[in-house]
Amino acid sequence: MTELESEVLPLPPRYRFRDLLLGDQSFQSDDRVQVEFYVNENTFKERLKLFFIKNQRSSLRIRLFNFSLKLLTCLLYIVRVLLDNPEEGIGWSHIFWVDRKMPLWAVQVSIALISFLETMLLIYLSYKGNIWEQIFRISFILEMINTVPFIITIFWPPLRNLFIPVFLNCWLAKYALENMINDLHRAIQRTQSAMFNQVLILICTLLCLVFTGTCGIQHLERAGEKLSLFKSFYFCIVTFSTVGYGDVTPKIWPSQLLVVIMICVALVVLPLQFEELVYLWMERQKSGGNYSRHRAQTEKHVVLCVSSLKIDLLMDFLNEFYAHPRLQDYYVVILCPTEMDIQVRRVLQIPLWSQRVIYLQGSALKDQDLMRAKMDNGEACFILSSRNEVDRTAADHQTILRAWAVKDFAPNCPLYVQILKPENKFHVKFADHVVCEEECKYAMLALNCVCPATSTLITLLVHTSRGQEGQESPEQWQRMYGRCSGNEVYHIRMGDSKFFMEYEGKSFTYAAFHAHKKYGVCLIGIRREDNKSILLNPGPRHIMAASDTCFYINITKEENSAFIFKQEEKQKKKGFAGRGTYDGPSRLPVHSIIASMGTVAMDLQNTECRPANSSKLALPAENGSGNRRPSIAPVLELADTSSLLPCDLLSDQSEDEMTQSDEEGSAVVEYVKGYPPNSPYIGSSPTLCHLLPEKAPFCCLRLDKGCKHNSFEDAKAYGFKNKLIIVSAETAGNGLYNFIVPLRAYYRSRKELNPIVLLLDNNLDSLLQCGIIYADNLVVVDKESTMSAEEDYMADAKTIVNVQTMFRLFPSLSIITELTHPSNMRFMQFRAKDSYSLALSKLEKKERENGSNLAFMFRLPFAAGRVFSISMLDTLLYQSFVKDYMITITRLLLGLDTTPGSGYLCAMKITEDDLWIRTYGRLFQKLCSSSAEIPIGIYRTESHMFATSESQISINVEDCEDTKDVKEHWGIKTSHHRNSCSSDQSEHPLLRRKSMQWARRLSRKGNKHSSKTAEWISQQRLSLYRRSERQELSELVKNRMKHLGLPTTGYDEMNDHQNTLSYVLINPPPDTRLELNDIVYLIRSDPLAHVANDGHSRKSSCSNKLGPCNPETRDETQL
C-alpha cells in the first residue's frame, strides 16, 4: 500500500477543487464512447416483424397485396369454370377431376407458392410459444387447403387436373380486408364509425356465402344436371332470400348436403352479424353519431354543451335561437354526456327540428367528442350549468372544466357561459359572454322591492315575442299587456337610421322625446364609436353623432319597419315662417306611424316651440287664475350650462342632509358615500354606495337579541321610519351582496333607503319578531335544500308551500320569490276554486299551442312581479349571440354594473297632482324637459271584478248584522274591494262547528225575511265558513304576537287586496292614458356625470335656481 501510494503523482496546479468538481473536458473526451439506442431489437426477426406487422404503412401495403392475390385466385377460378367443358354423362369422377389449362395452372401455382411462403413467414413472426394455436386457426387451414395441393402438382404432374376449392379464398379475402381497414385507420390516425365497419363486414359475409354456395353447387352438379355458374348463382339468391321458386334444384345428394350446410351456416353467422349491427345502430342512436365535416365546412352550426338535457331547456333554447330570421339556416349540435331523454327524442323527431338539431352523446372534456361536434368549425358554443344539482358549486366546477376544455380545443370559437355562483365567475372570465345566475336573481329581487315588477320587465325585454299574445282575449288588460310585451331592445347606427338620423347634433333627451313622439320608439342609450361602454340615458349634455350606436326599445327593429307618411295640406300651406328659423323636428311633426303593432305616434297639440336661445329647462308655472291647464316646457335641442338638471339631480342628497339634521327627538343615522371595503368574491363590480362611517359591531347585527350597545329585541323597538325589506334565506351566501348593493346605491335618496332584515329561521315567531307587519316586501329564496328531489319539478316545493303559508297569514304583504321552473308559477297564491285562475290557465295553454314563448306571462303573480324564474334569463345568453349588448344593458338596468355617465333604473308614482298630464306621451315630454329622465314603461294596478264560482260568492256584510263585528274587528275597507276572491280552505272540525253555528243564526234570521231563499242561505254558509278560517288565522297570529310581547295594532291594519291585478306595459303608445297610482319606469341620468364638468358653477346655479325649480320638479318626478 505504501508503494502504491508513493507511485501516485501529485495533481498539477491547474487541477484545483473547482476543476475536480466540474471535471476536465479534454481529459474526459479521450474515454468517450458513442452509443446508439434502438427503439426495437436489432435482430433479423424483429426487423421483419417491424416491416410486416408493426409498421402501419408497410403492413397496409402487404395486406393490400394479399387481398389482391385472393381476389385474383377467385377470378381465376371463375375463368377455369367458364373454360371447363365436362363430358356428358353422370359420374363421380367429374367432382374430383377438372380440365385445367397449362397457362392457368402455371399462374395458379405461382400465386399459391407466394401465398404459402407469406403465410409461413407470418406464422414464424407471430409465433409466441404455442404452435398449435397457429396451426388450428381457420385462416391457416384454408390457406393450406388452397396452396399445398398446387405445390404438390409441381412434383407430381398427374395431379395437375385435381379439383382444388380455390373459391374458398373469398373468406381469406374478407379476413384480409378487415385487417387492411384496421391498418388504414392506424395509418391515417382517423377512425371510421363502428357502424361503417360492421356494415362492411356484413356485406362481405353475405357475398362470401353466396359466392361459396354458387361455386360449390355448380361444381357438385357436374356429376348431375351440370348447372351453369349463372343458374347456381340464381338458385343461391332465391334460396337465401327464402323465396324458393323451385325451378332450379340440386339433383344429387352431395349438392343437396352442401345446400343444407350453407343454410345452417347462414342461420348461425348472419343473425350474429345482424345482432351486432342492430346493437351498434341502437348505440349510435343514443350517442348521436358524428356531425359531418363536409356539412361543418359548408353550413354554420353552434354547439350546446349541457350536463343533462331537459325538454324545457331544449325548447327554450330552440324557440329563442330560431326566433331570429338570420339564424334559420344554422344547425344546433347538442353535446350531452347522458342518454337522450324520451321526451327530447320525441321532440327531435319532429320535422321542424330533426333537420336542424343533432344530438351527440359525449363529454366536452374529450377531444374525440369535440371533434365529433366539429367544435373548431362552430360559430359559437353555449355551456349551460345544471341548476337542479344539489351542490351548485360542483355544478359550476363542471361548467368551468367544460369551458376550459372547449377553449383549449377551439380557441377561436366564441364562448357563451352560464355560471351559477358569482364567486366562480372569474374562472371563465376569458369567455366572450358570461351570465351569472345568482347575480341576476338577487339583483332582480332587490329591484322588485323599489321598482315593482322589475323582474317581469326584464324578462319580457329579453324574450323574443311577436306581440300577438292575448289579442283574442276578451280582457282589455290582457290585450294591452300582450301587445306591449312584444317590445325588445334593438340597435342601429345613427347615420343609417331613419328614426334618429335627423337628430344629429341634438341632445340625447331631445332625440329620445321626438323619436318617441314621431315613431313610437324609446331611445334608451348610446355607444360612442371610440368607446366600448354603453351609456343608458347619458343626459341632455350628450350630443348625438352620426357614428353613435343607438339602443332603442320597439316592437320590431327598424330594418323590418315600413314607413307611411301622411302630410296635411293645411299645415303645408300655412308654413312655419312666423315661428322662427326652425325646421325639421323643431316644428310640430307630421303624423306618422310605423306599420307595426303597438307603435302609434301622437301629436302633442299643446307643445309650443321656444326660441333657440332659451336657457332653461324649468317647468312653466301655472296661471294664478287656474282657468288654463298647466303646459309642459319643450325639450331643448341643446342643453345649456345653466340647465337645472345637475341642480335637480344632486339636490336630493343635500336636502336629505338638511332634513335629517333638522329633525327633533329622533336618532339620526349618518351615511357616507364610498365603495364597500370588502368584496365578497373576485370579480364583483365596484359600486358607490351609502355606507356607515364606522363598521357596526357584529353583536349589533342581531335584531332579536340586545347587546351592550342597544337593548332592542324586535323591529318595533328600532322605530324604523321606512318599511322593512325582509329576506328569508337558508344561508347568507355571497349572492346577497348583489341584493344589498342595488338597494344602497349612491343614486338612491337617503329617504328611500329601506332597512334590510335577513331572516335565516323561517317560522312564525321569527317572522313576527323581525317586524313582518311593518314590512313592505318579503323576499323568499330558501329552496337550496329541496334540490335533491327525485322529481325535477319538485325543486320548488318548499318555496311554494312557505310562500302560500305566509300569504294566508299576511294577505296584504308583498311576497317576492324566485322559482326554478316557470311552470310552477301557477301554484303561487294558489286558489283551487278560483274560476278566474282557471280561465288564465286555459289562456296559457292556448298561447302555448299558438307557439308563444311567453305562455306563462298572463299568470297574475308573474304579471304583478311577485314571482319569476331565473331560467327565463337563459334567453339572455341565447340572445347575446345576435345582440352582444344585451347582457351589458341588463346588468346596467339591474345595477350590477355602473359605468360613469350611464343612468340607472328607478320609478315614480302617478299621483292625483300628476293626472293633468293626461297621456304617456305628454309625460315623456314632461320628464325629458324637466329632469332629463327617459320613461320606458308603466306598472299599472287596477281593480278587477273576478268571476267567481258558486262556492265563492262573497257576503254582503251590510245584510248580516252578525258579520259586522267581524268586519270591524278585521278593519276591512269595503270601498276598496268590490269583490273578494277567497283562498282554498282546509277542512277543520272546529271551523266546521263554528260555521254551522253562524249558519243556524243566519237561517233563523232568514225565516223572518221571506225573500231569503235556501240558495242564498247556502251561499252565506259557505262565505261564513271562509270567514271563519280567516278569523282563526288572525287569532293565531295575534296570540303569538301577544305571547312575544308585540303590539297587535299593525296586524289589524293589514288588508287583503285580492280584487286587484297588476301588469307591466313596456313602451306603451304615446296616447296611452295615465291612471292614478300608475308607476312609471324611468332611466334617470347619472347624478355624478356632470359634477366634474360643472365643478364650481353647479353650486352657484343651484343656489340661484333652487327656489323656482325644486318644488315643482320634485312634485312631478319624485319617487
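1. The second largest cavity is lined by E439, Y681, S684, S685, T687, Y737, N738, V741, P742, G895 and L896. A cavity here is a set of points, on a 1 Å grid over the protein atoms alone, where a 1.4 Å probe fits but cannot get out, and lining residues have an atom within 4 Å of a point. The model is predicted: local features need pLDDT of at least 70 and side-chain atom pairs count only at pLDDT 80 or more, while totals for chains, interfaces and linings use all residues. Residues are numbered from 1 along each chain as its sequence is written, and side-chain values use heavy atoms, with hydrogens and water left out.

2. The volume of this second largest cavity is about 60 Å³, a volume being the space filled by probe spheres set on grid points that are joined across faces, edges and corners. Helix α27 (residues 737-743) gives the largest share of the lining, four residues. Helices (H or I, at least four residues) and strands (E, at least two) are DSSP runs, numbered from the N terminus. The lining divides by class into five nonpolar, five polar and one charged residues. Nonpolar covers Ala, Val, Leu, Ile, Met, Phe, Trp, Tyr, Cys and Pro; charged covers Asp, Glu, Lys and Arg; the others, Gly among them, count as polar.

3. The structure holds 13 cavities of 30 Å³ or more, and the largest of them contains about 90 Å³ of space. Its lining has 13 residues, with T73, I111, A112, N146 and N169 lying nearest the centre. At least two lining residues come from each of α5 (56-83), α7 (102-125) and α9 (138-155). The class count for the largest cavity is five nonpolar, six polar and two charged.

4. For the chain overall, the model has 40 helices and 23 strands. Of the 1119 residues, 50% are buried, where buried means under 20% relative accessible area with a 1.4 Å probe and protein chains only. The exposed surface of the protein chain is about 55400 Å², and carbon and sulfur atoms supply 56% of it; areas come from the Shrake-Rupley method with a 1.4 Å probe. Among contacts (heavy atoms within 4.5 Å) with a separation of 6 or more, 77% are between residues 24 or more positions apart.

5. Parallel pairing links β1, β2, β4 and β5 as follows. Strand β1 (residues 301-305) is parallel to β2, with five bridges, and parallel to β4, with four bridges; two strands pair if DSSP finds at least two bridges between them. C305 stands opposite L335 in β2 and opposite I383 in β4. Strand β4 also runs parallel to β5 (residues 415-419) through three bridges, and C381 stands opposite L415 there.

6. Which residues of β2 are buried on each face? Y331, V333 and L335 are on one side, V332, I334 and C336 on the other, and all are buried. This takes in six of the six residues of β2 (residues 331-336). In β4 (residues 380-383), A380 and F382 point one way, C381 and I383 point the other way, and all are buried. In a regular strand, side chains alternate between the two faces of the sheet.

7. A second arrangement to check is the open, antiparallel sheet of four strands, in the order β7-β10-β8-β9. Its edge strands, β7 (488-493) and β9 (535-536), each pair on one side only. Strands β8 (residues 522-527) and β10 (residues 549-554) are joined by five antiparallel bridges, with L523 opposite Y552 in β10.

8. Two asparagines deserve a look at their backbone. Most residues other than glycine have a negative phi. N537 has a positive phi, near 45°, and N1067 also has a positive phi, about 45°. N537 is in the loop between β9 and β10 and is buried, at a relative accessible area of 0%. N1067 is in the loop between β22 and β23 and is buried too, at 1%.

9. P1069 lies in the loop between β22 (1060-1066) and β23 (1079-1084). P1069 is buried, with a relative accessible area of 10%. Between P1069 and G937 the C-alpha to C-alpha distance is 9.9 Å, although the two are 132 residues apart in sequence.

Definitions and conventions
On a 1 Å grid over the protein atoms alone, a cavity is a set of points where a 1.4 Å probe fits but cannot get out, and a pocket is an open set with protein on both sides within 12 Å along at least five of seven lines; lining residues have an atom within 4 Å of a point.
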